[in-house]
Amino acid sequence: MKTKGLLFTSLLATIGMQAQEYKNEIKGNILFAPLGIVNVGYERALSKHWSGQADIFISPWKSFSNNHLQVYMGHGEARYYFKEAMDRWYVGGNLGLGFFDIQKWNYWNTDKYQRGFSFMFGATVGYKFKIGKRLKMDIFLRGGSSQGSYHGWMKKGSPARYDSATSWNRSGEIIPFGGGAMLSYQF
């Protein structure tokens, strides 16, 4: 009977140690929050050097400085940490999908805006450090290829398209599409 009890206790201790190896974090971007823009995420350590992250970005502004700025994006990302998962320097690869109602920078101060969707894929580089027992700061920049499809619209009068495309306008750029400082809570 003692042997079975010792085996059971050993098994529970082993499971407990393995559970402590895996870390979870919830996080929010403190740079965008004061502007009323939501950027939150969840990260989970998968092994000694790898983690996976999912995050969303929501800019609900129908007008910001008299420009359209509604953006809804979601990203999935695999991260490789050089020291150990969820600590210090990392690089990552990501995939994302976004929907937008915006004025591209070259249409600011005009009546034209764009509405459509985008597929994104690219890389992330970042640095994460501890600022408290369970608090961390994750500073990162994400960018790559953004392949968008959209229609062009006019602001004034009833909504009318300004483009003559019978299907979708297409646009592809290499651009930054994420970044900031995420305050993370580890559990």
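**Two loop residues and a pocket**

Modeller: Met-86 sits in the loop between β4 and β5. The model is predicted.

Biologist: Why does Met-86 count as buried?

Modeller: Buried means under 20% relative accessible area. Met-86 has 0% relative accessibility, so Met-86 counts as buried.

Biologist: What makes the phi of Met-86 worth a remark?

Modeller: Most residues other than glycine have a negative phi. The phi of Met-86 is positive, near 70°, and Met-86 is not a glycine.

Biologist: Which other residue, not a glycine, has a positive phi?

Modeller: Asn-109 has one, at about 65°. Asn-109 belongs to the loop between β5 and β6.

Biologist: How do you know whether Asn-109 counts as buried or exposed?

Modeller: Exposed means over 50%. Asn-109 has 78% relative accessibility, so Asn-109 counts as exposed.

Biologist: On to the pocket. What is the volume of the largest pocket?

Modeller: The volume is about 1,000 Å³. The lining has 39 residues, and those closest to the centre are Leu-69, Val-71, Ile-102, Ile-175 and Pro-176.

Biologist: What makes Leu-69 count as nonpolar?

Modeller: Leu is on the nonpolar list, so Leu-69 counts as nonpolar. The lining of the largest pocket divides into 19 nonpolar, 16 polar and four charged residues.

Biologist: Which strands each supply at least two residues of that lining?

Modeller: β3 (50-64), β4 (67-81), β5 (88-102), β6 (112-130), β7 (135-154) and β9 (169-186) do.

Terms used: Residues are numbered from 1 along each chain as its sequence is written. This is a predicted model: local features need pLDDT of at least 70, side-chain atom pairs count only at pLDDT 80 or more; totals for chains, interfaces and linings use all residues. Side-chain values use heavy atoms; hydrogens and water are left out. On a 1 Å grid over the protein atoms alone, a cavity is a set of points where a 1.4 Å probe fits but cannot get out, and a pocket is an open set with protein on both sides within 12 Å along at least five of seven lines; lining residues have an atom within 4 Å of a point. Grid points are joined across faces, edges and corners, and a volume is the space filled by probe spheres set on the points. Helices (H or I, at least four residues) and strands (E, at least two) are DSSP runs, numbered from the N terminus. Buried means under 20% relative accessible area, exposed over 50%, partly exposed in between (1.4 Å probe, protein chains only).
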